[in-house]
Structures are given as structure tokens and as C-alpha cells.
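Colleague: Can you take me through this one? I'd like the surface, then the fold, then any pockets.

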Amino acid sequence: MGSNSKLFAFEEVAKHNHKKDCWIIVNGKVYDVTPFLDDHPGGDEALLSAAEKDATTDFEDVGHSDSAIEMMQKYYVGKVDTTTLPGKVNNSPSPPTQAPAHNNESSGIVLKILQYLLPLLILGFAFALQYYGKNTKSNES
């Protein structure tokens, strides 16, 4: 992985997107992971879905071990020309996805509260009916 690394355009890397020829981009580097597809702990679909895009975020989100990062070096084939990456299009949707995440979080809290509150309300209603039923019967006697 010296200074004479081959430089690939994104379009060229994106062509390698199937089980018999799979390349991924992580941190500006191109890796031919075809021989590793069957051995990948997350399955070959994880790697195949990372083809045709910059997989840096996907790779970092998983939290790979140091040994996994070291293992990648044997699959290194070159660098990607970052000016050819379609990253600017992918960065635009990020801010809107943060706002719904907050809404999902607050609605999740509401659901958890309802999960406990609803059974308590039902129990309270059942006890009220039982109490009311006993008072009605004792008043009739």
C-alpha cells in the first residue's frame, strides 16, 4: 500500500457489485472483498449491500475490531478519486433524518408509558366495578 496506489473513479469501483466481483470503498480506499464474502461474519449480503457506494459510515457503525481492520489490508487494491464520489447528494438528507429520530424517541417514550399505564387503568376499572357491584348487592339485601 505504497504511494504508487492505483486511483479509481467511483464509477469504475461501482461496477464491481456482485458476488463474483465485489469491491467496497472505506475511508477513501478500495478493497476487493470478493474472496472474503463467504467468510464475512455478517454474511455476504452485508458486503454486497456496501458495494456501489462509499461504505465508510456503514463500516464504522458496525464497530469492527482492530484485527478486522488489519485483515482488510490484504484486500486493498487502491484509492478512490474522492472528487468522483456522489457524497454530496448523500449528505443533504442527513439533517432531516435527525428531526424524525427525535420524534420517534419521544413517541417511543409515550408507548412505554402507555404499556404500563393501560393495564393499571384496566385493573383500576375492574376493581371499581367489583366494588360498585358489592355495594349494589349489599344495598339490595
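Colleague: What area does the chain expose?
Modeller: About 10400 Å², with carbon and sulfur atoms supplying 59% of that. Areas come from the Shrake-Rupley method with a 1.4 Å probe. This is a predicted model: local features need pLDDT of at least 70, side-chain atom pairs pLDDT 80 or more, while totals for chains, interfaces and linings use all residues. Residues are numbered from 1 along each chain, and side-chain values use heavy atoms, without hydrogens or water.

Colleague: What share of the residues is buried?
Modeller: Of 141 residues, 22% count as buried, meaning under 20% relative accessible area.

Colleague: How many helices and strands are there?
Modeller: Six helices and five strands. Both are DSSP runs: H or I of at least four residues for helices, E of at least two for strands. The order along the sequence is β-α-β-β-β-α-α-α-β-α-α.

Colleague: On to pockets. What volume does the largest pocket have?
Modeller: About 390 Å³. A pocket here is an open set of points on a 1 Å grid where a 1.4 Å probe fits, with protein on both sides within 12 Å along at least five of seven lines. The volume is the space filled by probe spheres set on the points.

Colleague: Which residues lie nearest its centre?
Modeller: Ile24, His40, Leu47, Phe59 and His64, out of 21 lining residues. Lining means an atom within 4 Å of a point.

Colleague: Which element gives the most to that lining?
Modeller: H2, with four residues. Strand S3 (21-26), helix H3 (56-62) and helix H4 (66-71) are among the elements giving two or more.

Definitions and conventions: Buried means under 20% relative accessible area, exposed over 50%, partly exposed in between (1.4 Å probe, protein chains only).
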